[in-house]
Amino acid sequence: MSQSQTLPLKRHQDENPRDDDSSDIKPSRLKISLPSEDSDKKILIKRVKDVGICVPIVYGTIAFFLGRKASESQSHKWTVYVRGASNEDLSAVVKRVVFQLHPSFNNPTRVVESPPFEISECGWGEFEIAITLFFHSDACEKQLDLYHHLKLYPEDESGPQNTKRPVVIESYNEVVFPEPSEAFLARVQNHPAVVVPRLPDGLNLPSPVPVEPMNDKERGDTKDHPLNHWFLNFSEADELLKLAAARQQVQAHIVKLGRQLTLMEGLPQSKQPSG
Amino acid sequence: MDAKDILGLHKNSFPSSLDNKKSRPPKESQRKPDGISREVYALTGGMPPLMPSIDASQLKKKPPTHEKVTWQWLPFTNSARKDDLHLYHWVSHNVRVVNGVLPTGDYSFAKYNKSVDIIKYTDEEYEKYLTDPMWTKEETNELFDLCERFDLRFVVIADRFPSSRTVEELKDRYYSVLRAILLARAASSGDIATHPIIKEPYNVSQEMERKRALSMVLSQTRQQEKRDEEVLIEAKRIAELRMASKVTEQSQLAVASNADAELTERAVPGETVSPSNVQLPQMVVPSADNASTLASLRMLRVYLRTYALEQMVQASNATAGVRTIKRVEQTLQDLGVNLKPRVPTKAVCAEHLELRREILTWLNLQKQVQYKEAEGSSFRDGSYGETPGTPKDRTFIPDSLNFGGERVGKKDQKRKGHGAPPTAAHKRPRKQKASDL
């Protein structure tokens, strides 16, 4: 598509007109692209290259055995949720979350428009829950799908279940925006839920425009969530340590074998007794 | 052979067929080269061909003998010539010859004298149809004369043309004249409508443009070629992405492309945006190139870190076989590392990827060592290029030890890998051995 066909009908906060050889915005960092979906309004979005931002999230389920209150069809009470990895408010990035439950539930498609993004239900069966994240329009028009298997019964089946100890399964992941729009970046660059790398010098971001405000609830973080003492801790330090140790081991092996190979090449006539 | 000894060259480093045939009949039985030397046999890959290429039995036969062939010195004429030149040549007696005159007809090569029929216009016709401000009558006549002489080989004509005109100009003039004449002479327009020049007249500007484009393509630097290839690969990948997401979701798809801004940096022609960022592992074609995986990830508006890691792992696994991949995973487990990181942050994923690559390197080295060991135990002369001469101070096990102990194989007796002193050492132990036995 040649640029001459696209007309800027709406401009984002930026003073500078869309210009191919714009002077104060370095062309190497910015890229102009057309969004999808609505072909009627052709909005030009300025994106920032080489500044990938990510949002660490944790999603999963916590399931309590109901004990005396349990019935055939409702033996457990469980909650499925998506939270910020450090319990920060995700609503700055996530507009809504849709949980797709087992069809045996009433209205299996549960839409949550505001934080905390969770659904609580009672049931007896384990099944896969599809979690779809929808982002604010300046972040991303596309949705993101996650899948989580609801676990009600603990691994060790020793004795009856304890109503006090829930079965907690959580997964850590990071939502990556490789080339955020200027507006989005401006809005979230200082937000605790978003990991933003060091911005390059001379990057002029427009002044942030707040998105639709949250309804009634003032805070969307999960730091005081009733279930938060069951939340698992995800520290990259442990994993990094283990990986570093493993790499060292492997590197040592590589060095040893490399030496062995050169030795073998040097002496083809003498058979190494140990090999 | 003694000279080689003195020089310290390995005796069999340049295998000669004589030596080898004498000294290794037992080895040859493994190979079975019947009738051709071992080296020639090795050229075929050491295996007998599936089918005989030539019928060997036919080779021994003698060609069928005829009676004597007689030849005659006879005159001939060439219809391709305009003069009446009579030449002579030998004619074999197989051809029936009567009275020394060939009845078979024309000189056999006369049929190759082809030429183009160039149109000839009269002065009248010129005045009426063919005048042109850019061309004088003399020039046009000259052009047509050259066309006749050189059978419309315009490159030659352009070279010979008195005033400097380009090939395209000459072609243009010739074809427009031809066209005009044909149109003028035709009884009705329908007669000549099928003539190629009437159907498709010569288009000078198009031709010039085409040739210019061709020369541009030809003179592209390698860098430009590479960039063009990258662009094409990206375009193909986008098309595939688009096809795959069309299969999974049927919503509007828009392709945005911004040629100007992007040509200045990486040549990414466009982006596919679909409402659902499908994260199914089988959706994207795993690319063998890490860089292109990164590029395709960058084109997604949003993705999960685990997805990115999966793609990168697939890319690095692309060159490895299934067994190798299993071994990598087993190694990871042995090292106490999760196959999928529990906390997939950017740093953790990077480390994980690097670890996987290092394990691959390690496994490759293991394979190489095993291979070398296997080769060493069934080692044959000549496979290794021995560096002759200077007795370096390598970890050299003195030969006496070698021979005193186990027999390491025939090769050791013959090996003379070093300079004079060790050669002497070689000789002594060997003599001892003979006497010992």
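Is A:A63 buried or exposed, and what is its relative accessible area? A:A63 is buried, with a relative accessible area of 0%. Here are some notes on the rest of this predicted model, which I hope are handy as you look around it.

1. **Around A:A63.** This alanine belongs to strand β3 of chain A. Setting aside neighbours within four places in sequence, A:A63 is in contact with A:K77, A:W78, A:K151, A:L152, A:P166 and A:V167. If you want a distance to check, take A:A63 and A:T79: they are 16 residues apart along the chain, and their C-alpha atoms are separated by 6.5 Å. With a relative accessible area of 0%, A:A63 falls under the 20% cut-off for a buried residue.

2. **Chain A as a whole.** Chain A contains ten strands and two helices. Along the sequence the pattern reads β-β-β-β-β-β-β-β-β-β-α-α, so to speak a run of strands followed by the helices. The chain has 275 residues, and 45% of them count as buried. For contacts in chain A with a separation of 6 or more, 64% come from residues 24 or more positions apart. The exposed area of chain A is about 14,700 Å², with carbon and sulfur atoms supplying 51% of it.

3. **A sheet with strands from both chains.** Do look at the open sheet of five strands, whose order is β7(A)-β4(A)-β3(A)-β10(A)-β6(B), with antiparallel pairing. Its edges are β7 (117-123) of chain A and β6 (303-304) of chain B; each has a single partner strand, so one side of each is left without a neighbour in the sheet. As a reminder, strands of a sheet pair through backbone hydrogen bonds, either parallel or antiparallel.

4. **Pairing within chain A.** Starting from the β7(A) edge, strand β4 (residues 76-84) of chain A pairs with β7(A) in the antiparallel sense over seven bridges. One residue pair to click on is A:H76, whose bridge partner in β7(A) is A:G123. Further along the sheet, strand β3 (residues 53-65) of chain A is joined to β10(A) by eleven bridges, again in the antiparallel sense. There, A:P56 stands opposite A:E174 of β10(A).

5. **Strand β10(A) and the link to chain B.** How many residues of strand β10 (residues 167-177) of chain A are buried? Eight of the eleven are, so β10(A) is largely enclosed by the rest of the structure. On the chain B side, β10(A) pairs with β6(B) over two bridges, in the antiparallel sense. A:V175 has B:L304 as its bridge partner in β6(B).

6. **Chain B as a whole.** Chain B holds 20 helices and six strands. It has 437 residues, and buried residues make up 32% of them. Among its contacts between residues at least 6 apart in sequence, 53% join residues at least 24 apart. The accessible surface of chain B comes to about 29,200 Å², and 56% of that belongs to carbon and sulfur atoms.

7. **Helix α14(B).** The buried residues of helix α14 (residues 290-299) of chain B are B:S292, B:T293, B:A295, B:S296, B:L297 and B:M299. What covers these residues includes α12 (222-248), β6 and α15 (305-317) of chain B. Strand β6(B) therefore deserves a second look, as it is part of that cover and also stands at an edge of the sheet described above.

8. **Helices α7(B) and α9(B).** At what angle do these two helices pack? Helix α7 (residues 137-149) and helix α9 (residues 167-185) of chain B pack at an angle of about 90°, with their axes 11 Å apart. That makes α7(B) roughly perpendicular to α9(B). From α7(B), the contact is made by B:T140, B:L143, B:F144 and B:C147, and from α9(B) by B:L170, B:R173, B:Y174 and B:V177. By class, these comprise six nonpolar residues, one polar and one charged.

9. **B:I119.** This isoleucine sits in the loop between β2 (87-92) and α6 (123-130) of chain B. B:I119 is buried, with a relative accessible area of 15%. Not counting residues up to four places away in sequence, B:I119 touches B:F144, B:L178, B:I181, B:L182 and B:R185. One of these, B:I181, is 62 residues from B:I119 in sequence, and the C-alpha atoms of the two are 8.5 Å apart in space. Another, B:F144, also takes part in the contact between α7(B) and α9(B).

Methods: Residues numbered from 1 in each chain as written. Chains lettered and ligands numbered in written order. Predicted model: local features only at pLDDT ≥ 70, side-chain atom pairs only at ≥ 80, totals over all residues. Heavy atoms only, no water. Axes fitted to C-alpha atoms, helices over the stretch in contact; angles between N-to-C directions. Helix = DSSP H or I, 4+ residues; strand = E, 2+ residues; numbered from the N terminus. Parallel < 35°, antiparallel > 145°, perpendicular 65-115°, else oblique. Contact = heavy atoms within 4.5 Å. Nonpolar A, V, L, I, M, F, W, Y, C, P; charged D, E, K, R; others polar. Buried < 20%, exposed > 50% of the residue type's maximum accessible area, 1.4 Å probe, protein only. Areas by Shrake-Rupley, 256 points an atom, 1.4 Å probe, with all protein chains shown as cover. Pairing = 2+ DSSP bridges.
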